[in-house]
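Good morning, colleagues. Please take a moment with the sequence and the model on the screen before I begin.

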Amino acid sequence: MPEMRFVVRWPDGHRERCYSPSTIIAERLTAGIDYPLADFVRDATAALEEASDRVRARYGMGCGHAMQQSQQITNTARRFADRADAVVHIERFES
């Protein structure tokens, strides 16, 4: 399974390099696009869950790193929950 990294820029300008155990993340998110915070969290966590399920189907157990990344995204997003205009920018994907 080809793992992939993706770089996001949070509403405060902080960049974070994130992990996915599958290229499914690039099917759910598009580089160069700004996503409303809630949409980013929804799409990224769903993609990471699907990626973990793919790992489970192949190896018999889910991907802990994917679930940890999903939790990290959710935790970071909470810092911006009070900002109605908060967007997350997907800078790039790295294989």
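Let us start with the surroundings of Glu16. Leaving aside residues up to four places away in sequence, Glu16 touches Phe6, Val7, Val8, Trp10, Gln69, Gln72 and Thr76. Please bear in mind throughout that this is a predicted model. Glu16 belongs to strand 2, which covers residues 15–20.

Which side chain of opposite charge is nearest to Glu16? That side chain is Arg79, at 7.0 Å. Glu16 is buried and yet has no salt bridge. A salt bridge would require a nitrogen and an oxygen within 4 Å. What the side chain of Glu16 does have is a polar contact with the side chain of Trp10, at 2.8 Å.

Trp10 brings us to the nonpolar core. The largest such core has 24 residues, and those touching the most other members are Phe6, Val8, Trp10, Leu29, Leu37, Phe40 and Ile73. At least two residues of this core come from each of strand 1 (4–9), strand 2, helix 2 (37–59), helix 3 (64–78) and strand 4 (87–94). Helix 2 provides the largest share of the core, with seven residues. Three of the names I have just listed, Phe6, Val8 and Trp10, also appeared among the contacts of Glu16.

Val8 deserves a closer look. Again not counting residues up to four places away in sequence, Val8 touches His14, Arg15, Glu16, Cys18, Phe40, Val88, His89, Ile90 and Glu91.

I turn now to the pairing of the strands. Strand 1 and strand 2 run antiparallel and are joined by six bridges. Within this pairing, Phe6 stands opposite Cys18 of strand 2. The hairpin formed by strand 1 and strand 2 has five residues between the strands, and there Gly13 adopts a positive phi near 95°. Strand 1 is also joined to strand 4, again in an antiparallel arrangement, by five bridges. Here Arg5 has Glu94 of strand 4 as its bridge partner.

Glu94 leads us to the charged residues. How many salt bridges does the structure hold? There are 11 salt bridges in the structure. In one of them, Glu94 meets Arg17, with the closest N and O atoms 2.7 Å apart. Because Glu94 is in strand 4 and Arg17 in strand 2, this pair ties together parts that are 77 residues apart in sequence. The two partners differ in their exposure: Glu94 counts as buried, at 18% relative accessibility, whereas Arg17 is exposed, with a relative accessible area of 52%. Both residues belong to a network of salt bridges that links Arg9, Arg15, Arg17, Glu91, Arg92 and Glu94.

Two further salt bridges may be mentioned. The side chains of Arg42 and Asp43 meet at 3.0 Å, N to O. Arg42 is partly exposed, with a relative accessible area of 49%, while Asp43 is buried, at 15%.

In the other, the side chains of Arg56 and Asp53 meet at 2.8 Å, N to O. Since Arg56 and Asp53 are three residues apart in helix 2, about one helical turn separates them. Each of these partners is partly exposed, Arg56 with a relative accessible area of 42% and Asp53 with one of 37%.

To close, I return to the residue with which I began: Glu16 is buried without a salt bridge, and its side chain makes a polar contact with that of Trp10. Thank you for your attention.

How values were computed: Residues are numbered from 1 along each chain as its sequence is written. This is a predicted model: local features need pLDDT of at least 70, side-chain atom pairs count only at pLDDT 80 or more; totals for chains, interfaces and linings use all residues. Side-chain values use heavy atoms; hydrogens and water are left out. Helices (H or I, at least four residues) and strands (E, at least two) are DSSP runs, numbered from the N terminus. Buried means under 20% relative accessible area, exposed over 50%, partly exposed in between (1.4 Å probe, protein chains only). Lys and Arg count as positive and Asp and Glu as negative; His and the chain ends are not counted. A polar contact is a pair of N or O atoms within 3.5 Å; within protein, one must be able to donate a hydrogen and the other to accept it, and residues adjacent in sequence count only if both atoms are side-chain atoms. Contact means heavy atoms within 4.5 Å. A nonpolar core is a set of buried Ala, Val, Leu, Ile, Met, Phe, Trp, Tyr and Cys residues joined through side-chain atoms within 4.5 Å. Two strands pair if DSSP finds at least two bridges between them.
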